[in-house]
Amino acid sequence: MGSSARKKKEKKKDFQVGKTKAKPVNFTDTNFRAKSIVLTQQSLSANAPTLAAQCAHHLSLLNHKSDTQRRESLAYLTTAITTTPPGAPLPQPASVILPAVQRLILDGSNGVRTQLLKLLQALPEAEIAAHSDQLVLHARAGMTHLASEIRTFSLDVLEWLLRVAGDEVVSGPGGWVKMLHCFLGLLGWQQQQKQEPRSGLEIGKWSATKAFGKPGSEAKVQVRQMQALTAFLKTGLCVPVKKAEELRTKDQYAASFFPLWQTENHLLPQRSYAFAHLNLFGTARDEEAEMYEDREDRQRVFRERAEKAVTAGMEQAVKAGGELGRAGAMLRRVLREGMADFGGEMAA
Amino acid sequence: MVKRKVGALEKVEADLASLQYRCRRDPSSYQEDFQNQWNQYETYRELFLTNPTTTDDSGVVSLRELIDFVAHCADCFPTITAQFPDQLIQLLTLHHEELDMELRDKIVGSLVLLRNKDVIDSSTLLNTLFPILVTTSSKSLRQLLFSKILSDLRASNTKGTNHRLNRTIQTVLYNLLTSDRESPKGIWAVKITRELWKRQIWTDAKAVEIMKEASLSENEKVIVGGVRFFLGGDKEREEAAEDSSDGESDIDMAKLRHQAGINKKSKKKGRELKKAAATVKKKERKKNAPHPLNFSALHLLHDPQGFAETLFSKHCQNSKSKLPLESKLQVLNLVSRLVGLHKLTVIALYSYFLKFLTPRQASVTSFLACLAQATHNLVPPDVLEPLVQKIANEFVSEAAASEVAAAGLNAIREICARQPLAMNDTLLQDLVMYRKSKDKGVVMAARGLLSLYREVGADLLKKRDRGKDAAIGITTGTIKERRFGEEDAGDLQGLELLAQWKEEERRKKREAMGLPAELGTDEEEEDEAEDWKNWDVESDSSDDSEGWINVESDGEDINISDSEDEKPRPAKKTKLDTAEGDAEKENKSKSEEPDSAAAAKSIPKLLTTTIMTPADLAKLRELQAAQQLKSNMPSAKRRAALANAHYDDAITAESIEAPALLGKKKTKEEKIAMAKGDREEHHQSTTAKRKEKKAAEGKSTTNKEKARKKNFLMTLGKAKGKQKRSLVDVRRTLKGHIDRQKRGGKRGNAGR
């Protein structure tokens, strides 16, 4: 019916008789004639839209309703980024790409998500740190998502993020405590922390990790989660090797400037928004949303809020043995390493 | 752009709706799942707060769904969601201007839901919603908020009046009006108050006070809102009450029961039937319940004199007020209504009218109506006299159009009915002469004036115009000139009839008992006690069942009469002669000379010493009706009409214009329409009407009717067996045929 209506309309147009509608009194004729028209900014390139414009177009297509289209746009962006020669600026700056792309962490389609991870990994690592707080929020939203696939996927994103901008992630506002809570919820260790006596009897788990799939795959998922937690705790609690070296060299550096101490503290800060921890412009933060920039702070909060639950869960995992046990052992090692110096202080 | 339908959650296997269902069924088991969703909500909220203006579909949609989910489960997990209401309130108050529309509506809805689940209290909700209602620029949000606020106020007042909440909200509204008198925001206070007044939720003086402040504001919309409330709010309330009482009242229980017997029985049907029965019962109870005593807004005003004065000086007299004529007229209407109703004295008001009383003034009849309305018997006549004079000069002349003259005469009549002293004899005699005019409207108006003055001030008329009653009255001295400020003593019409009737009854009874027709005071008192016994109209059986009443029996009955003796009952026979000699004497005189003067004396006694029972009042009404039948003279009618006129009722421009319409020639169409009236056009036979009525009542048809209406395909089978009938059957059929032919058809004409 629709097409016939259209045909009718077209036919009517063909046979239209009479005059055009009279122009209103205040109508201004803007037609003009010219021998030639010269545009001041005319591109000389033959392939009409520039790469930048095409990238912008594809960025806008990320909202498209078809997941194939979204995936293809992501793929286009990825190739565009990877093909830019090192040193040359990206077709679109990362500050434009990242906000447009990060929502797709929560995308329902699997293909889109995997492609998204590729794109993220293709981005220059130095630019991520400035956008880490938004990315962490999205990753956390993914980790609490109803769908288990998205939950698992966001662990990938988190691991990538920890690799690229680990320090910013753990010291960002809410990045430590909320993330820990998130992990506890994900692993199902929260319940155990609260209600010890409920040992093996699990009542009415609905969408928790354990409800899905075969026990084998479930264990796999849990291994992934524990690995991610290990990476997270390692970043938050342990002194990075690089940094330790840096400290040593710093001491030597300071010794070389002997009478001047702590020069770097009086220089201009090297990162943007250096006073973020003062929270001058935002709403007041509670303990959970607070920034824990210091390693010791993080250790303290970890001890207060999560260590018990993590240890209990870890012990169970180690007992389970196999893949899970290995992951548990890794976690235990990281925990010991991270909390080694802190435990001594507490005792003292 | 067409809105894209996004469902981040659509594509995955889990959905919030079923989780919500499970959470509500078994909160403790699903606490962990809820905690996860709560975490998700928190992250989404944080994401959203970083950029509240976002139009990113999926994020907003997820947040909306999560808010909905959490709101529905909030009462199951009070510890986890302790922060939730505050977060919503904050989100709404800070970002209501830029929020996505659906999300905004969802937040409002969730807050209301939380209120309904008693997670937050009404005052929190209203204190959140009201400031947004006042400030927001979005029309749809305003509409939503307004309806939500109203429904919440109604809901919290259903079980009993929530005085505390009402008081807080009333204070908020009052402060809104008084804080900034020029802002148009006050209109919301007016709207809310009016709506709640209409629904009889707010019926107290505080609500009236709010409207008073509204009418004293500076903004035109607010003023008109307030004034309209005073002029029409009570009528609206009455109408609403009527509507609610007779709306959807037609539940036919008999029909429902019948249907329940026929149709398949199910639990649902049973429940419906029960529900209907409950509704009917409730309605019945409501019908029998005493009518709630509601004072009108005008009567609840705290300081009517001050209000009227400020209203008048602020909006009418003040040359700076920029109200258009229409609004000004409404204000004037209110002022004059107040003056007339409360008999206030606002002297400046009358001189203010002076400049508007010309026929060329726009909507002058409204001004005339206002003037009449503002007149009462305590207005000094010398203030009114120039006004009456001016109306007479400007409107009532041979040169003026007949409608104008009629309107002027009618206005004068209305004024003088309220204050007869405003007229002097020369002017009156002049005006009365117009009854010889050619125009019917003018004639009627002038006659109205004449008949008015025959009652209230016949001595101003010429002798031949006074009429029989008034002339006799003046010569005998019964009609006296009323002075300014003179008031009638309180009187109840027909009271003397009641007294007479009671006296007669008493005498009859005493004669029946064999006692002397005279009676003592104590016995009179006893009678009163007996009156109390048959309190209700139904129990008033003294006429036909005298034998049943035992006069001596109840010593401990209620005794509310004002007599002084407090002695025990047994001693009453001994003090027949001593205690109240006066009263006795009076009684004697009354019985001896049935004179009008004595009757007049006894009326105040009856008024002051007894409390009328409903039975008494019913009898009084009956006697009055009988009396009216007796005196069906036109003069009596006129007097009754005058007595029945309530001078504190409103007068409209239409009532001033009414006599002018009498003289108007109607067109043919109008005449035909009038003659037809509201009779129905469609003709229907009586049988058809009866049948329709029967069908509407849900009654079944007769067997004959059923047979006639039966589908003929069903009858075919029977017709086939025609050949196999027995001889008896054939004979019966043939006889029937002959009989039908004689009768003239199957149903025949029985009357023939």
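Helix α4(B) buries Phe84(B), Pro85(B), Gln87(B), Leu88(B), Ile89(B), Leu91(B), Leu92(B) and His95(B). The model is predicted. Helix α4 of chain B covers residues 84-95, 12 residues in total. From its first C-alpha to its last it reaches 16 Å. That is close to the 16 Å expected at 1.5 Å a residue.

Next, the backbone. Two residues of chain B other than glycine have positive phi: Asp118(B), near 65 degrees, and Ser363(B), near 40 degrees. Asp118(B) sits in the loop that links α5 (101-116) to α6 (122-135) of chain B. Ser363(B) lies in the loop between α17 (347-354) and α18 (364-373) of chain B.

| Residue | Phi | Relative accessibility |
|---|---|---|
| Asp118(B) | near 65 degrees | 60% |
| Ser363(B) | near 40 degrees | 34% |

Asp118(B) counts as exposed because its relative accessibility is 60%, and the cut-off for exposed is over 50%. Ser363(B) has a relative accessible area of 34%, so it is partly exposed.

Then the surface charge. Glu238(B), Glu239(B), Glu242(B) and Asp243(B) form a patch of negative charge on the surface. One of these residues, Asp243(B), belongs to helix α11 (residues 220-246) of chain B. Is Asp243(B) buried or exposed? Asp243(B) counts as exposed, because its relative accessibility is 53%.

How values were computed:
Residues are numbered from 1 along each chain as its sequence is written. Chains are lettered from A and ligands numbered from 1 in the order in which they are written. This is a predicted model: local features need pLDDT of at least 70, side-chain atom pairs count only at pLDDT 80 or more; totals for chains, interfaces and linings use all residues. Side-chain values use heavy atoms; hydrogens and water are left out. Patches are made of residues with over 30% relative accessible area and no salt bridge: like charges are joined within 9 Å, nonpolar side chains (Val, Leu, Ile, Met, Phe, Trp, Tyr) within 5 Å. Accessible areas come from the Shrake-Rupley method with a 1.4 Å probe; for residues, only the protein chains shown count as cover. A salt bridge is a side-chain nitrogen of Lys or Arg within 4 Å of a carboxyl oxygen of Asp or Glu. Lys and Arg count as positive and Asp and Glu as negative; His and the chain ends are not counted. The place of a charge is taken as NZ of Lys, CZ of Arg, CG of Asp or CD of Glu. Helices (H or I, at least four residues) and strands (E, at least two) are DSSP runs, numbered from the N terminus. Buried means under 20% relative accessible area, exposed over 50%, partly exposed in between (1.4 Å probe, protein chains only). The expected span of a helix is 1.5 Å times one less than its number of residues.
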